[in-house]
Amino acid sequence: MCSLDLETTNAGILFEACYTEPIMIRTVKKYWTVLRVGLVVLLVRLLLRRKSLPLVLDRLNPCSMTGRPDEAVMGDLAYYVDRWLTLFPYNKKGNCFPRSLALYWFARRLGYPVLFHCGVKKEVSNLDGHAWLTLDRQPFHEKGQQWQCFTVTYSYPHDPAAGGRQDAAIRR
């Protein structure tokens with residue numbers, strides 16, 4: 001249970017004993033995160049209009065992964081990506097593609113060595129596609145188990161353990 005510090009209450013800033021930051025700073029950080037996620041989702045959409053998927057992933061991949069993995073932060077980022085894509089959907093069939101790319105951006109910067117995957121499965125009269133992330137061959141912030149039904153057609157960065165090879169022609 002949290003208690004209030006009376007000295008800071010008198011100073012006009014409320015501190016809760018269970019948090020080390022003032023409420024105002026936590027609120028500003030929260031809204032900065034929401035804005036930053038919205039900007040990354042917008043960046044992903046703009047890049048997808050102008051560049052091929054491998055070039056978009058090259059652009060989203062950081063030069064170095066210096067961040068420290070933090071599951072609470074990653075969970076918040078995934079939640080906000082989902083909220084942005086609910087407000088501004090990518091297409092009628094789903095948001096998995098921009099969702100996975102935006103989460104890839106954040107996960108790599110937080111130090112998670114995630115892999116991006118695209119896959120297809122045969123429907124009755126057409127193909128259905130899906131995009132998702134994995135970490136140590138397990139789904140990473142993926143909703144449900146539908147990813148298991150898809151055959152991986154593309155992974156980034158290349159996963160040598162998967163046995164496939166990345167074709168240079170895909171980059172063009």
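Start with the empty space: the largest pocket in this model has a volume of about 510 Å³. Keep in mind as you go that you're looking at a predicted model. How do you find a gap like that? Rolling a probe the size of a water molecule over the atoms shows where empty space is left.

**Stop 1: the pocket**

Select Lys93, Gly94, Asn95, Cys96 and His130, and you've landed at the residues that lie nearest the centre of the largest pocket. They belong to a lining of 24 residues. Now colour α4 (71-87), α5, β1 (115-122) and β2 (127-135), since each of these elements gives two or more residues to that lining. Which element gives the most to the lining of the largest pocket? That's α5, with five residues. Try colouring the lining by class too: you should get eight nonpolar, nine polar and seven charged residues.

**Stop 2: Ser100**

Stay with α5, which covers residues 96-109, and pick out Ser100. Is Ser100 buried or exposed? Its relative accessible area is 2%, and anything under 20% counts as buried, so Ser100 is buried. Next, show what Ser100 touches. Skipping its neighbours within four places in sequence, Ser100 is in contact with Phe116, Ala131, Trp132 and Leu133.

**Stop 3: Tyr112**

Now move along to the loop between α5 and β1, where you'll meet Tyr112. Being in a loop doesn't leave this one out in the open: Tyr112 counts as buried, because its relative accessibility is 7%. Which residues is Tyr112 in contact with, leaving aside its neighbours within four places in sequence? Light up Met65, Pro69, Asp70, Glu71, Met74, Ala107, Leu135 and Phe140. While Glu71 is lit, draw a distance line between the C-alpha atoms of Tyr112 and Glu71: it should read 9.9 Å, although these two residues are 41 residues apart along the chain.

**Stop 4: two helices crossing**

For the last stop, select helix α2 (residues 23-50) and helix α3 (residues 53-60). Their axes come within 9 Å and cross at roughly 145 degrees. Turn the view around a bit and check the handedness: α2 passes α3 in a right-handed crossing. To see who makes the contact, show the side chains of Leu43, Val44, Leu47 and Leu48 on α2, then add Val56, Arg59 and Leu60 on α3. What classes of residue do you find in this contact? There are six nonpolar residues, no polar ones and one charged.

Note on methods:
Residues numbered from 1 in each chain as written. Predicted model: local features only at pLDDT ≥ 70, side-chain atom pairs only at ≥ 80, totals over all residues. Heavy atoms only, no water. Axes fitted to C-alpha atoms, helices over the stretch in contact; angles between N-to-C directions. Helix = DSSP H or I, 4+ residues; strand = E, 2+ residues; numbered from the N terminus. Left-handed = near helix turned anticlockwise from the far one by under 90°. Contact = heavy atoms within 4.5 Å. Nonpolar A, V, L, I, M, F, W, Y, C, P; charged D, E, K, R; others polar. Buried < 20%, exposed > 50% of the residue type's maximum accessible area, 1.4 Å probe, protein only. 1 Å grid on protein atoms, 1.4 Å probe; cavity = no way out; pocket = protein on both sides within 12 Å on 5 of 7 lines; lining within 4 Å. Points joined across faces, edges and corners; volume = space filled by probe spheres on them.
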